[in-house]
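Here are some notes for a colleague who is opening this entry for the first time. Please keep the sequence and the model in view while reading the points below.

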Amino acid sequence: MKLQNRTQAHESGVKKPNRARPRTPIREQQRLDPSEREAIIAREAVSFFAEHGFEGQTRELARRLRITQPLLYRYFPSKEALIERVYQEVFVERWKPSWEKIITDRSVPLKTRLIQFYREYAEVILTYEWIRLFMFAGLKDLGLNARYLRMLRERAFEKVIEEIRLEYGRPSTRELPITVLEIEMVWGLHAAIFYLGVRQFIYSMPLETDVNSIIDAKVATFLGGVRSVLPAKEKG
């Protein structure tokens with residue numbers, strides 16, 4: 001897939017794919033520690049599946065690594081095990097607990113918190129590997145997306161809604177459960193930011209301004225309209 005040139009990638013704020021990075025010839029490193037060799041295989045698997053989707057064959061991955069397929073299976077006994085490692089490395093380990101603290105830090109204005117969270121989150125997810133792996137996982141229905149989105153709801157969405165309710169003087173989520181419309185509004189904001197990566201790495205459409213400016217505008221628009229779906233204020 002043809003991607004934007006280096007200048008466009010720099011201006012958009014979205015990271016260029018690292019497909020051109022040199023592969024590590026494991027066969028030439030016979031004395032590697034097993035944990036290091038496993039990590040090399042996992043890293044190459046991330047790149048490989050991002051390029052070819054999860055239909056990509058482990059035989060071809062082994063060829064890229066310059067190892068035999070049996071050696072690959074010595075470290076990952078099945079393709080499913082390898083995919084699980086890719087999921088953990090890309091989607092779980094790249095989640096930063098500090099993001100949850102940003103969302104809930106009430107010493108900072110809510111708009112500032114949401115902008116900071118989404119700017120930092122975008123730095124992680126708006127990459128060739130993250131976006132394409134997430135899309136391929138959904139198309140193949142591996143269950144990885146559902147797992148990630150449950151984590152996202154628990155660690156981010158529900159916290160955002162609690163902070164929004166406090167901002168607008170509405171009942172806590174401990175008093176009144178989160179509504180479907182509230183979740184949908186947060187989904188809308190989140191999906192709009194995710195779509196910036198889809199445009200880049202699925203549609204090959206470069207952004208016309210920097211990512212941070214887009215995020216700032218989307219957060220401001222979201223906060224300007226979300227109060228209409230919040231529970232009514234308690235009558236005093």
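1. Leu65 is a good place to begin: in this predicted model its relative accessible area is 0%, so the residue is buried, the cut-off being under 20%. Leu65 belongs to helix H3, which covers residues 58-65. Ala45 is 20 residues away from Leu65 along the chain, and the C-alpha atoms of the two are separated by 9.4 Å.

2. Arg66 lies in the loop between H3 and helix H4 (69-75). Although Arg66 is not a glycine, it has a positive phi of about 65°, and with a relative accessibility of 47% it counts as partly exposed. A further residue of this kind is Ser204, which is not a glycine either and has a positive phi of about 55°. Ser204 is placed in the loop between H10 and helix H11 (211-225), and its relative accessible area of 29% makes it partly exposed.

3. As for the overall fold, the protein has 11 helices and zero strands, so that a reader following the sequence meets the pattern α-α-α-α-α-α-α-α-α-α-α. Of the contacts in the protein with a separation of 6 or more, 70% are accounted for by residues 24 or more positions apart. Buried residues make up 45% of the 236 residues, while the protein exposes about 12,600 Å², of which carbon and sulfur atoms supply 51%.

4. Confidence deserves attention before any detail is read. The mean pLDDT of the protein is 89, and 86% of its residues reach 70 or more, but the elements of the protein range from helix H1 (residues 6-12), with the lowest mean pLDDT at 42, to helix H7 (residues 110-125), with the highest at 98. Over residues 1-13 the pLDDT stays under 50, and for this stretch the model has 30 contacts beyond four places in sequence. Where pLDDT is low, the predicted coordinates should not be read in detail.

5. Which residues touch the most other members of the largest nonpolar core? In this core of 72 residues they are Tyr121, Trp130 and Tyr148. Trp130, when residues up to four places away in sequence are not counted, touches Val90, Phe91, Tyr121, Val124, Ile125, Tyr148 and Phe194, a list that includes both Tyr121 and Tyr148. In soluble globular proteins, nonpolar side chains tend to be buried together.

6. The aromatic residues can be followed through their ring pairs, which come to a count of 22. One of these pairs is formed by Phe49 and Phe54, whose ring centres are 5.2 Å apart and whose planes stand at 35°, so the pair is tilted. Are these two residues buried or exposed? Phe49 is buried, with a relative accessible area of 0%, and Phe54, at 3% relative accessibility, counts as buried. Ring pairs also link Tyr87, Phe91, Trp130, Phe134, Tyr148 and Phe194 into a cluster.

7. Arg113 is placed in helix H7, and at 5% relative accessibility this arginine counts as buried. Leaving aside neighbours within four places in sequence, the residues in contact with Arg113 are Ile102, Ile103, Thr104, Asp105, Arg106, Val108 and Glu163.

8. Thr173 offers a look at a loop, namely the one between helix H9 (144-167) and helix H10 (180-201). With a relative accessible area of 23%, Thr173 is partly exposed. Apart from residues up to four places away in sequence, Thr173 touches Ile161, Glu162, Arg165 and Ile178. What is the length of the polar contact that joins the side chains of Thr173 and Glu162? This polar contact is 2.5 Å. Pro231 is 58 residues from Thr173 in sequence, and the two are 9.9 Å apart in space, C-alpha to C-alpha.

Notes: Residues numbered from 1 in each chain as written. Predicted model: local features only at pLDDT ≥ 70, side-chain atom pairs only at ≥ 80, totals over all residues. Heavy atoms only, no water. pLDDT = per-residue confidence, 0-100. Helix = DSSP H or I, 4+ residues; strand = E, 2+ residues; numbered from the N terminus. Contact = heavy atoms within 4.5 Å. Core = buried A, V, L, I, M, F, W, Y, C linked by side-chain atoms within 4.5 Å. Buried < 20%, exposed > 50% of the residue type's maximum accessible area, 1.4 Å probe, protein only. Polar contact = N/O pair within 3.5 Å; in protein donor to acceptor, adjacent residues only side chain to side chain. Phe/Tyr/Trp six-rings, centres within 6.5 Å; stacked < 30°, edge-to-face > 60°. Areas by Shrake-Rupley, 256 points an atom, 1.4 Å probe, with all protein chains shown as cover.
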